[in-house]
Each structure stands twice: as C-alpha cells, then as structure tokens.
Amino acid sequence: MDKLFASLKGAIKIKYIEIDNHAFRLHYRVTLPILIAFSLLVTSRQYIGDPISCISKDDIPTRVLDTYCWIHSTFSVDTAWDKEVGLEIPYPGVDKYTPGETRTYHAYYQWVCFVLFLQAIFFYVPRYFWKCMESGRIKAMILDLNNPVLGADKKESNMKLLVDYVVATFNRNENYIALYSLAEALNVINVIGQMYLMDTFLGGTFSTYGSDVVKFSDWDWAVRYDPMIRVFPRLSKCTFHRYGSSGDVQKHDAMCILPINIINEKIYVFLWFWYVVLAVVSCIALVYRFLLYMSYEARFKTLKPRAGLAKDEHIEIVLRKCKFGDWFIIYLLAKNLHSLHFKDFMSELSRRIDGKHFNDIAEA
C-alpha cells in the first residue's frame, strides 16, 4: 500500500514559496491527492477482492459470467425498490424482470477510476494556469530574504534590489492580481461544474446523494433501505444469452454481487460533503477578494497580521499610495519574507514612496 500511494507525496509536499491562499491550496494540495488516491484504490482490485461475482444455477462458467456482466453492465428493476425484502424480493432493486418494466442499468462502476483521475486533473488546471501566469515572480523577488540568518552586506544589497524593483513597478501590477482572481474564479467554476458532472455521471442521483444519506436514519422501517445502494447497488441482476444444444437462443438470469460498490459508495458520500464545503469556501474566498478590492480598511487588516514587526505608520503610508495589485504583491512578500526583513522592507519602501506620485513616475 505504501508503494501504491508513494506517488502522492509530491502533491502534498509543503512548498516554501507561497503564491496563493489556503482556499486555493485546498483544490490542488488536498482535493487533487484525495481524488488520485481514490482512483488508485478503486483500480487496485488485489486489495479489495474481485469487483464482481455472479451467481447462476446454469452450467455457465463462473469466470465467463462474471466477465460478461462486468463488461455489459448489470441492472436493477425500478418497481422492486418499493417491495418488501424477504417476502416479495431477495434484495432491494432485485426482482424477476418481465417485458415492459423499467430497468436501470449500472455501467458507471467501470468508469469510476477514470472519472476520478480526470477530476483530479481538472483540479490542477487553475493552479497550472496561475503558475504559468505568475512565472516565478515572487520567488525571484524574495532574493533569499526569507532566510533569518543573512550577512549584513548581502541583506543590504538584496533589500535595495527588492525595493528598487517594487518602486519601479509600482501601480503597474493590476494585471497580476486580475490573473490571480481569474484563477480563483476558475476554482469556483471547476468545483461547481464537477458537481454537475458527477450528477450526470450517476444518472441525476448525486445532487441529493449526501442529504439522502443523512436522512436515512429517519426513514420508515417498512420501506427503509440504504440510499447508497440505489446509486451503487451491492447486488443487481444480469441477463446472459447463448445458443443451446438445439441451436435456439437460451436466456440465463443471474444475480451479481458488486463488492467494488462498497468502496464506491463511501468515496462518493465523502466527495458530496467535501465538494459542498469546498464550493462554499471557494465562493467566500472570491467574495472576500472583491471586498479587498473595494476596501482599504480590509486590505490593512489583512496585511497587518502578516506584517509582523512592521510599523503601522509604514504600512499606512504604503497602502495609501498603492493600488490593489501592489497591495497583493506586498501581501505575498509578507507571507514569504522573514518578519525582520519585511519590517526593514516596509520601512525603506515607505521612505521611498512618501510624497511621490507614482502614476507620473510610471509615465515618465
């Protein structure tokens, strides 16, 4: 099992350079490894046994029947969900099929591993987009100033380079924050879009899947059955046709046990709740981004806890003169620079920009 999940270590490795926030990292650093782990778990049959095992009284070889029903899917009879188990039917959804009855086919369990892996890729797309657009800018700006132990000469030289660059690009960083906000919006679009994708994939049952599981304990015992087994049946039916000895077509009815669905149902219950939480957190992060754009006070209160030892008067001088994109650059520097170095950075930056009009400087 350790070898199976060893490839996920890189995805959850802590990065020393931060270019996003916690809500953003929930998508690519938490959700992506979870989805890949689930995909690997579903495909690793040796850990969970055979994915399907079919029962028939006829002389059809068991392996042939299992393979056929796995490839061509199994089904449940819709009218059997309302019948009493043990008296009318052997299991919820399992009943003798008569022509004209509605059947629900279950073929998606063959695709679960691929869909989970595809979802994982989509969760990395906003991160990949932002990394490409950011192009290592913050990493280049740090200049080893995240190291608390730094020689005086090197610190002075690097600090001057950093301040010179920030001053030279002052009021020219609106595209930077716009691209980051776009990446945050892509996170929201992705998680909500994936909820619709899974609802379509599971035949319209995913949208209420988690709420149905929560309400399960309040159901009437006379009709009570685990709602998870309607989406991921543990026992279903399969019809196998073949030629008999006289050349006529023979029909063989089989019941199939699907142990793989014990894993699938738990995966999708977890994903239902996780996606709801992730969607809410991502939407809040996007709204908060808009609040920061509109409010100077919100930007000050957000930067202050990150600024560490920097004086309030230096922060106020800088924030009064900077635009939203400049604030975002300074905020990322506050997250990555050592607190002592950031204090000196804000002190020098406030001294350099005090009383200057950077729109005029930029045009010059």
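# Notebook: contacts, cores and disulfides

**Entry 1: Phe 345 and the cores.** I began with Phe 345, which, once its neighbours within four places in sequence are left aside, is in contact with Met 159, Leu 162, Val 163, Val 166 and Leu 333. I note here that I am reading a predicted model.

I then looked up the largest nonpolar core, which has 45 residues, and found that Phe 345 is among those that touch the most other members, together with Leu 303, Trp 327, Leu 333, Phe 342 and Leu 349. I listed the elements that give two or more residues to this core, and they are the helices H2 (22-43), H6 (137-142), H7 (152-168), H8 (174-201), H12 (296-307), H13 (312-321), H14 (324-336) and H15 (339-353). Which of these gives the most to this core? I found that H14 does, with nine residues.

I also noted a second, separate core of 43 residues, and among its members I wrote down Leu 35, Tyr 108, Val 115 and Leu 278.

**Entry 2: the chain as a whole.** I stepped back to the overall picture and recorded 16 helices and five strands in the protein chain. Of its 364 residues, buried ones make up 45%. When I looked at contacts with a separation of 6 or more, I saw that residues 24 or more positions apart account for 74% of them.

**Entry 3: disulfides.** How many disulfides does a search of the whole structure find? It finds two, and I took them in turn.

In one of them, Cys 54 and Cys 256 are joined, with their sulfur atoms 2.1 Å apart. This pair links distant parts of the chain, since Cys 54 is in strand S1 (residues 53-55) and Cys 256 is in strand S5 (residues 249-257), 202 residues apart. The torsion about their S-S bond is about 100 degrees, so I recorded this disulfide as right-handed. I checked the exposure of both partners: Cys 54 is buried at a relative accessible area of 7%, and Cys 256 is buried at 0%, where buried means under 20%.

The other disulfide is formed by Cys 69 and Cys 238, whose sulfur atoms are 2.1 Å apart. Cys 69 lies in helix H4 (residues 62-72) and Cys 238 in strand S4 (residues 235-243), so this pair ties together parts that are 169 residues apart in sequence. Is the link of Cys 69 and Cys 238 left-handed or right-handed? With -95 degrees about the S-S bond, the link is left-handed. I found that Cys 69 and Cys 238 are both buried.

When I numbered the bonded cysteines of the protein chain in sequence order, the pairing came out as 1-4, 2-3. I looked up two further cysteines as well: Cys 283 is partly exposed, with a relative accessible area of 32%, whereas Cys 322 counts as buried at 8%.

**Entry 4: Thr 74.** I turned to Thr 74, which lies in strand S2 (residues 74-77). Is Thr 74 buried or exposed? Its relative accessibility is 0%, so Thr 74 counts as buried. Its side chain makes a polar contact with the side chain of Ser 236, at 2.7 Å. Leaving aside neighbours within four places in sequence, I found that the residues in contact with Thr 74 include Cys 69, Cys 238 and Cys 256, as well as Ile 52, His 106, Tyr 109 and Leu 258. These contacts bring me back to the disulfides of the previous entry, in which Cys 69 pairs with Cys 238 and Cys 256 pairs with Cys 54.

**Entry 5: Phe 206.** I next located Phe 206 in the loop between H8 and helix H9 (209-215). At 1% relative accessibility, Phe 206 counts as buried. Not counting residues up to four places away in sequence, Phe 206 touches Met 195, Met 198, Asp 199, Tyr 268, Leu 271 and Trp 272. I followed up one of these partners, and found that Phe 206 and Leu 271 are 65 residues apart in sequence and 9.9 Å apart in space, C-alpha to C-alpha.

**Entry 6: aromatic rings.** Finally I looked up the rings, and the structure holds 18 aromatic pairs. Ring pairs link Phe 24, Tyr 28, Trp 130, Tyr 176, Tyr 180 and Phe 328 into a cluster. Within that cluster I returned to Tyr 176, because I wanted to record that Arg 137 lies over its face, at 5.0 Å from the ring centre. I found a similar arrangement for Phe 75, where Arg 103 lies over the face of the ring at 4.8 Å from its centre.

Terms used:
Residues numbered from 1 in each chain as written. Predicted model: local features only at pLDDT ≥ 70, side-chain atom pairs only at ≥ 80, totals over all residues. Heavy atoms only, no water. Helix = DSSP H or I, 4+ residues; strand = E, 2+ residues; numbered from the N terminus. Buried < 20%, exposed > 50% of the residue type's maximum accessible area, 1.4 Å probe, protein only. Polar contact = N/O pair within 3.5 Å; in protein donor to acceptor, adjacent residues only side chain to side chain. Contact = heavy atoms within 4.5 Å. Core = buried A, V, L, I, M, F, W, Y, C linked by side-chain atoms within 4.5 Å. Disulfide = S-S within 2.5 Å. Phe/Tyr/Trp six-rings, centres within 6.5 Å; stacked < 30°, edge-to-face > 60°. Lys NZ or Arg CZ within 6 Å of the ring centre and 35° of its normal.
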